[in-house]
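Reader: Hello! Could you walk me through this structure, starting with the ligand and its surroundings?

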Amino acid sequence: MDYKRILTIQDISCFGQCSLTVALPILSACGVETVILPSAVLSTHTGGFTGFTFRDLTDDIPSIAAHWKKEGIDFDAIYTGYLGSERQIDMVTDIFRTLSRPNCVKIVDPAMADNGNLYYGFDDKYAAAMTRLCKEADVVLPNITEACFMTGLEYKESYDEGYVTEVLNALEKAGMPNVILTGVTYDSETTGVIVKTGEKVEYYRHKKLPVGSHGTGDVFASAFSGALLRGKTEYESARVAANYTLRCIENTVGDDSHKYGVKFETAVPYLLEELNK
Ligand code: PXL
């Protein structure tokens with residue numbers, strides 16, 4: 001089997017099933033060697049918890065990267081998620097340049113906003129820095145809110161295909177030709193993912209569940225990255241990741257004590273089935 005090595009850079013939210021505690025197990029389950037670079041350590045994620053701790057690891061990043069460079073450690077892919085600061089985003093841009101193998105796939109999930117708002121602690125300057133990083137990526141995975149922050153387009157709760165085309169064109173103009181646009185919803189029963197690779201635009205539509213859950217963006221992006229590294233196309237990777245994410249939500253709904261994330265572990269066998277199809 002082709003054995004690939006991916007670096008994922010994002011925070012460790014110790015409790016809450018998102019970022020690295022989701023990315024590492026999912027990527028490993030996909031059969032990919034997964035190297036982690038934690039951007040920060042938080043006691044929980046910032047969605048729905050108060051009083052969480054936050055240890056910024058920005059100052060450690062250059063020395064870790066320099067050590068890897070010295071050891072000749074490099075990557076077939078680099079996938080970034082939630083990053084703690086603008087400085088950190090600039091360091092990640094350097095890592096793209098210094099630790100990539102030839103043809104390294106750079107995947108950026110600009111995990112910074114949802115439902116029309118930036119996450120706690122982020123501002124327009126942060127969004128601008130994330131936009132710069134996305135321009136360096138081979139594939140970006142924004143939701144509509146993040147796409148709006150990166151292009152200056154007005155965020156809309158409900159929209160038609162014309163608006164989505166406008167969003168995709170604006171991203172292209174901003175230097176992002178390959179886009180996996182998540183949470184694209186045209187009616188109340190279905191939702192889906194737009195997969196744009198250059199000029200080609202496809203839509204994977206699937207059923208819409210009545211609940212949204214924290215961490216599902218990370219589940220999706222991790223499964224997408226794993227599938228892509230296993231040789232699937234962008235569209236197939238998005239399909240596998242969307243089906244897996246749906247199953248994770250289905251396996252969690254109804255448990256009122258589990259509102260902070262999804263039980264992604266319970267659906268790993270299903271992910272592997274989809275991956276090996
Ligand atoms: O799931 C994205 C994410 C990752 N890490 C932290 C977060 C969030 C979303 O809120 O707070 C710390």
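Reader: Which residue has a side-chain N or O atom 2.7 Å from an oxygen atom of the ligand?

Author: Happy to help, and please keep in mind that this is a predicted model. A polar contact needs two N or O atoms within 3.5 Å. At 2.7 Å, an oxygen atom of the ligand and a side-chain N or O atom meet that limit, and the residue is D218.

Reader: How much of the ligand's accessible area does the protein cover?

Author: Taken on its own, the ligand has 310 Å² of accessible area. The space it takes is the largest pocket. Of that accessible area, the protein covers 97%.

Reader: Which residue places a polar side-chain atom 2.8 Å from a nitrogen atom of the ligand?

Author: Let's start with an oxygen atom of the ligand, which has a polar side-chain atom of T46 2.6 Å away. For the nitrogen atom, the 2.8 Å partner belongs to D11.

Reader: How many residues of the shell around the ligand are charged?

Author: The residues around the ligand include S13, H45, Y82 and H214, along with D11 and D218. Asp counts as charged. The shell divides into 4 nonpolar and 5 polar residues, and the charged ones number 2.

Reader: Are the rings of F15 and Y260 stacked, edge-to-face or tilted?

Author: Good one to finish on: this structure has 11 aromatic pairs. F15 belongs to strand β1 and Y260 to the loop between α8 and α9, 245 residues apart, so the pair links distant parts of the chain. Planes under 30 degrees apart count as stacked and over 60 as edge-to-face. With centres 4.6 Å apart and planes at 45 degrees, the F15 and Y260 pair is therefore tilted.

Key: Residues are numbered from 1 along each chain as its sequence is written. This is a predicted model: local features need pLDDT of at least 70, side-chain atom pairs count only at pLDDT 80 or more; totals for chains, interfaces and linings use all residues. Side-chain values use heavy atoms; hydrogens and water are left out. A residue is near a molecule or strand if one of its heavy atoms lies within 4 Å of it. A polar contact is a pair of N or O atoms within 3.5 Å; within protein, one must be able to donate a hydrogen and the other to accept it, and residues adjacent in sequence count only if both atoms are side-chain atoms. Accessible areas come from the Shrake-Rupley method with a 1.4 Å probe; for residues, only the protein chains shown count as cover. On a 1 Å grid over the protein atoms alone, a cavity is a set of points where a 1.4 Å probe fits but cannot get out, and a pocket is an open set with protein on both sides within 12 Å along at least five of seven lines; lining residues have an atom within 4 Å of a point. A molecule sits in a cavity or pocket if more than half of its atoms lie within 2 Å of its grid points. Rings of Phe, Tyr and Trp (its six-membered ring) pair if their centres lie within 6.5 Å; planes under 30 degrees apart count as stacked, over 60 as edge-to-face and the rest as tilted. Helices (H or I, at least four residues) and strands (E, at least two) are DSSP runs, numbered from the N terminus.
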